[in-house]
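Thank you all for making time this morning. I would like to walk you through one chain, beginning with the overall picture and then turning to particular elements, so please keep the view on the screen in front of you as I talk.

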Amino acid sequence: MNARLNIFIIVVFLLFGTSLCQAQETKTEGYLVPMCVYEGDTIPYIKIPTVYIFKPLKFKNKKQLNEYNRLVYNVKKVLPISKEINHAVIETYEYMMTLPDEKSRQKHMKAVEKSLKEQYTPRMKKLSFSQGKLLIKLVDRQTNSTGYELVKAFMGPFKAGFYQTFAALFGASLKKQYDPTGDDALTERVILLVESGQL
């Protein structure tokens with residue numbers, strides 16, 4: 001009887017000891033997330049990325065598939081540049097509003113123009129013709145202003161006309177507007193998928 005009791009105690013001890021060791025070794029891992037307080041309760045706030053679901057594309061031939069793949073490639077290359085330009089436009093506009101007079105604004109714009117040329121000319125030279133045309137449209141998408149309107153607002157109508165004429169020589173137009181529900185519907189679809197990390 002004593003032997004059985006001893007064996008029982010040893011077995012219980014071993015089981016209890018094992019579970020105790022496991023409990024001590026278990027580490028609680030977690031994540032710090034933003035939170036909000038609603039009616040006295042603290043609730044974790046997690047922003048879930050948007051997932052876009054589109055009707056699958058059907059390509060009539062390999063040429064269409066290649067054109068689509070080229071569009072995806074071009075969007076991935078040009079979209080970050082259009083966002084940088086949008087940021088530069090907002091930053092420049094906000095700073096110019098703090099300047100006291102037209103003379104100081106003109107001086108600042110010349111400095112900005114020089115800086116932009118130095119920064120973007122090497123990158124623009126690496127763009128293909130179709131990427132350049134796409135960039136013009138994506139600048140309109142990001143800033144809600146055509147390239148022509150931006151140049152005119154910041155550098156005056158003469159330079160806007162000059163750059164428009166220069167673009168026209170290559171079959172492009174700074175006045176071209178982005179149409180997300182019409183001509184540029186496929187481009188908009190690609191942009192949304194790229195931005196959400198689905199492409």
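Of the 199 residues of this chain, 28% count as buried, and I should say at once that what we are looking at is a predicted model. If we take the contacts in the chain with a separation of 6 or more, 67% of them are accounted for by residues 24 or more positions apart. The chain has seven helices and two strands, and, read from the N terminus on, the elements follow the order α-β-β-α-α-α-α-α-α.

Let me take the strands before the helices. Strand β1, residues 35-38, and strand β2, residues 41-44, pair in the antiparallel sense, and the pairing runs over four bridges. To place yourselves within that ladder, look for V37, which stands opposite T42 in β2, and then for Y38, whose bridge partner in β2 is D41. The two strands form a hairpin with two residues between them.

Which residue in the turn of that hairpin has a positive phi? The residue is E39, in the loop between β1 and β2, and its phi is about 50 degrees although E39 is not a glycine. Is E39 buried or exposed? Its relative accessibility is 68%, and since the cut-off for exposed is over 50%, E39 counts as exposed.

From here I would like to move to the C-terminal part of the helical region, and to helix α7 in particular, residues 185-195. Eight of the 11 residues of α7 are buried, so this helix is largely enclosed by the rest of the structure. The buried residues are T187, E188, R189, V190, I191, L192, L193 and V194. What do they pack against? The buried residues of α7 pack against α2 and α4, and I will take those two partners in turn.

With helix α2, residues 62-96, α7 packs at an angle of about 65 degrees, and the axes of the two helices are 10 Å apart. Angles of 65 to 115 degrees count as roughly perpendicular, and α2 and α7 are therefore described as roughly perpendicular to each other. The crossing in which α2 passes α7 is right-handed. On the α2 side, the contact is made by Y68, L71, V72, V75, K76, L79 and K83, while α7 contributes L186, T187, V190, I191, V194 and E195. Sorted by character, the residues of this contact of α2 with α7 divide into nine nonpolar, one polar and three charged. As a reminder while you look at that spacing, an α-helix has 3.6 residues a turn, so residues three or four places apart point the same way.

The other partner is helix α4, residues 129-143, which packs with α7 at an angle of about 70 degrees, their axes being 13 Å apart. That angle makes α4, too, roughly perpendicular to α7. Here L134, L138 and R141 in α4 meet T187, E188, I191, L192 and E195 in α7. The residues of the contact of α4 with α7 divide into four nonpolar, one polar and three charged.

One last detail lies just after α7, where G197 takes a positive phi of about 80 degrees. I will stop there and take your comments.

Technical notes:
Residues numbered from 1 in each chain as written. Predicted model: local features only at pLDDT ≥ 70, side-chain atom pairs only at ≥ 80, totals over all residues. Heavy atoms only, no water. Pairing = 2+ DSSP bridges. Axes fitted to C-alpha atoms, helices over the stretch in contact; angles between N-to-C directions. Parallel < 35°, antiparallel > 145°, perpendicular 65-115°, else oblique. Contact = heavy atoms within 4.5 Å. Nonpolar A, V, L, I, M, F, W, Y, C, P; charged D, E, K, R; others polar. Left-handed = near helix turned anticlockwise from the far one by under 90°. Buried < 20%, exposed > 50% of the residue type's maximum accessible area, 1.4 Å probe, protein only.
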